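Please consider the structure shown below, together with its sequence. The paragraphs that follow lead through it residue by residue.

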Amino acid sequence: MHVSASLAMFGSAVFALVCLGVAATGYLSLDGITDAQQLSDAKGFAGFWMFLAFVGIAFGLLSWRIMRTEALEDTPEAKR
């Protein structure tokens, strides 16, 4: 199965947005936690989702770069 670079880019964008939403929800809910152990766990949970969002952004940028490179290689000037 082949995934095009544009599909990978849009899929990465959706993945990154979902991860950012979960991370934001995690960070915004920290003020209601009073137990130190639960607070530490919640920070780790939100941080992990933030890491996943950065991974999604990185793969989206990589896919965008691949699309741009392929587009430049398909120009007539590049084939000379």
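**Two helices and a nonpolar patch**

Gly-44 has a relative accessible area of 43% and is therefore partly exposed, since that class lies between the cut-offs of 20% and 50%. The model in which this value was computed is a predicted one. Gly-44 belongs to helix α2, which spans residues 36-73. From Gly-44 to Ser-63 there are 19 residues in sequence, and the C-alpha atoms of the two lie 29 Å apart in space.

Helix α1 covers residues 5-28 and includes Ser-12. Ser-12 has a relative accessible area of 12%, so this residue is buried, the limit for that class being under 20%. A polar atom of the Ser-12 side chain lies 2.8 Å from the backbone oxygen of Ala-8. Once neighbours within four places in sequence are set aside, Ser-12 is in contact with Gly-56, Phe-59 and Gly-60.

Leu-17 is also a residue of helix α1. With a relative accessibility of 61%, Leu-17 counts as exposed because its value is over 50%. Which residues make a nonpolar surface patch with Leu-17? They are Leu-20, Phe-54, Ile-57, Leu-61 and Trp-64, and the patch has an area of about 600 Å². Both α1 and α2 contribute to the nonpolar patch, each with at least two residues. The largest share comes from α2, which supplies four residues.

Key: Residues numbered from 1 in each chain as written. Predicted model: local features only at pLDDT ≥ 70, side-chain atom pairs only at ≥ 80, totals over all residues. Heavy atoms only, no water. Buried < 20%, exposed > 50% of the residue type's maximum accessible area, 1.4 Å probe, protein only. Polar contact = N/O pair within 3.5 Å; in protein donor to acceptor, adjacent residues only side chain to side chain. Contact = heavy atoms within 4.5 Å. Patch = residues over 30% accessible without salt bridge, like charges linked within 9 Å, V, L, I, M, F, W, Y side chains within 5 Å. Areas by Shrake-Rupley, 256 points an atom, 1.4 Å probe, with all protein chains shown as cover. Salt bridge = Lys/Arg side-chain N within 4 Å of Asp/Glu carboxyl O.
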